[in-house]
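Biologist: Could you take me slowly through one part of this model, the place where helices pack against one another, and explain the terms as you go?

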Amino acid sequence: MVTAGEKDIENQGFTMEEENGSSCQTSPQDKRELVYELMGIIQTVSSYAEYRRTQRKESRNLVRRMKLLLPLLEEIRDFEEQIPESGIECLVKMKKAFHSAKKLLKSCHGGSKLYLALESEAVMRRFHSVYEKLSHALDGMPYEELGISDEEKEQVELMLVQFKRARKRIDTQDMELAMDLMVSLSTENDRNADSASIERLANKLELHTVEDLKAETISIRKVIKERRAQNAESTQQIIDLLNKLKRLAGMEETGIFDEPVIPKALEKSTSLAIPNEFLCPITLQIMTDPVIVSTGQTYERESIQHWLDTNHRTCPKTGETLTHLSLAPNFALKNLIEEWCLKNNFQLPTKQASTNPESPSAGSDEKLLSLIEDLSSCHLEVQRKAVTNIRMLSKENPEKRTFIANSGGIPSIVQLVSYPDSKIQEHAVTALLNLSIDESNKKLISKENAIPAIIEVLQNGSVGAKENSAAALFSLSMLDENKVAIGSLNGIPPLIDLLKNGTIRGKKDAITALFNLCFNHTNKSIAIQAGIVAPLLQLLEEKHLDMVDETLSILLVLTTHPEGRQEVGKLSFIETLVNLIRDGTPKNKECSAAVLLELSTHNSNLMLAALQYGVYEHLVEIGKEGTDRGQRKAKSILQLMTKTEQIPY
């Protein structure tokens, strides 16, 4: 059964003309037209230069396998006799498979990145469906009657084996991406610890430039139109994520169907078309002070300066890293704009001085420099006041974070993390958390050997300091080298202790940090041996903590390790899973089914235990009415039960 999500993906980005054009009827005058059409589809999909990151590997594999069929098609094309009816039948089946592949690849090439990430498993099912159709088409091919060479027949038979392997592969998720999506969707962004997930999501999905986000807005607009008010909740989640990514990039939020705002200067002359090269790529307004960045792109000075002040070091239009941050006036373009305005009687908008109290100024910079100097004062109260102010300034203001780092404030803050004063410790570690939101600052903080000091506060600090230390480790662990460092410096046991004994906020900080760290194989083993499983199972019984989905997600990561499966695979836990599958929220049921599938795949006794606890009827229900992913997981478990003959009668 094709789910609603799978239908969305199949249809995304395709016109009705394409859909109707995929008729399998062939011309009796020249059956070889089928072969030419198939070769044309291969040429079309080969022209897709790039694919969305979440489906990039699978898309390239499918294109590569389709290309391997070209020699077969060429031999059929050159076959001089009449193509037998059995051959025509196989070519018609291949045409259906090729059109399905083309639709899927087009979606993975130009569809909404957020939509494809949220529906990643449904997309994988579509790939499996294509492989199944291709297998059916090639299985009955009359190679002898068509005069196909032995070499090509062997190549096709080898490809059929590859198709079957691909179809048998168990659906997998990018669990790191899944957790970032979960955190990004569930949080109100009240803390910079949560912004770290938004930042990583932007990097993973390549949605960090203005151009990226404008293109994504258009793609989401198409998705919404095609869904026709269906799946309203998930559609709203996509829009919310888009707006969070826009805020991260310094863009203004607009309604998903809002058209670009017409500048006031154009309100009385909307029929006047401004040349595209006169418009700033960021604001889409005519430029009054165009400047050139190191990539050669031109922007309005005010808009690109704001981009740089918010700690971006890439070109908004191309995404390339800027080799330097100098802005060169584009006098030639400015003269052309002024000449065009004079010729068309067009009044350029006047730039008003900023009245924003948060805007950087010489006075505020001097004050911030003074605070950085006070961090090294010999007076305790002066230090405490300075680090408190820096903590607050670095929380909401990206420009201040950049200024603090560039002015050498990080080393002094790191030293204060180890200061024997609980208040100073808490303010210092929280300031590092805030500063670490910027990618470049993560590296600076790590170089100053801050991780051991943060772990020390995590072990012995105040309640608030422990929570923010865990959040800081989560943010820093975005860098793979920091995952290794935190694990080797014994940072995992105190996180597990916070998971056991912390406040609700502390438990959430601990679980997100541990989730991130456990993507390192060595850390996974360290966490299991340090006793991570017991507090996770305890959290599942405390449903009021609203951490069930996060807990199940990290358990799923741990069950990919043999030691983890041994620790998790106990009867009491299987009973808890079955209870969640029966009584949990739709997301609880989905995550529980995913864990049960992983455990059952490696140990049929655990599947039998789940059956004894009455899981069968609940899996059948989820298979019919659960979330898209929940349906797939439930059906996979039921299929596994059938194969192992462990089904109730």
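Modeller: Before we look, one term is needed: a crossing of two helices is called left-handed if the near helix is turned anticlockwise from the far one by less than a right angle, and right-handed if it is turned clockwise. Please keep in mind throughout that this is a predicted model.

With that term in hand, we can turn to helix 32, which covers residues 586-602, and helix 35, which covers residues 628-643. Two packed helices are described by the angle between their axes and the distance between the axes. Here the angle is about 30°, and the axes lie 8 Å apart. Angles under 35 degrees count as roughly parallel, and helix 32 and helix 35 are therefore roughly parallel to each other. Their crossing is left-handed. If you follow the contact from the side of helix 32, you will find Glu590, Cys591, Ala593, Ala594, Leu596, Leu597, Ser600 and Thr601, and these meet Arg629, Gly630, Lys633, Ser636, Ile637 and Leu640 in helix 35.

Helix 32 also has a second partner, helix 31, which is formed by residues 571-583. The axes of helix 31 and helix 32 come within 8 Å and cross at roughly 145°, and this crossing, too, is left-handed. On the side of helix 31 the contact is made by Phe573, Ile574, Leu577, Leu580, Ile581 and Arg582, while helix 32 contributes Lys589, Ser592, Ala593, Val595, Leu596 and Leu599. Ala593 and Leu596 are thus named in the contact with helix 35 as well as in the contact with helix 31.

From these helices we can move to the nonpolar core. In soluble globular proteins, nonpolar side chains tend to be buried together. The largest nonpolar core in this model has 92 residues, and those that touch the most other members are Ile413, Ile532, Phe573 and Val615. One of these, Phe573, is also among the residues through which helix 31 meets helix 32. Another, Val615, is in contact with Val578, Ile581, Leu596, Ala610 and Met641, once its neighbours within four places in sequence are left aside. Apart from this core lies another, of 47 residues, among them Val92, Val130, Ala137 and Ala166.

To draw the picture together, helix 32 packs with helix 35 at an angle of about 30° and crosses helix 31 at roughly 145°, and Leu596 of helix 32, which takes part in the contact with helix 31, is also in contact with Val615.

Methods
Residues numbered from 1 in each chain as written. Predicted model: local features only at pLDDT ≥ 70, side-chain atom pairs only at ≥ 80, totals over all residues. Heavy atoms only, no water. Core = buried A, V, L, I, M, F, W, Y, C linked by side-chain atoms within 4.5 Å. Buried < 20%, exposed > 50% of the residue type's maximum accessible area, 1.4 Å probe, protein only. Contact = heavy atoms within 4.5 Å. Axes fitted to C-alpha atoms, helices over the stretch in contact; angles between N-to-C directions. Helix = DSSP H or I, 4+ residues; strand = E, 2+ residues; numbered from the N terminus. Parallel < 35°, antiparallel > 145°, perpendicular 65-115°, else oblique.
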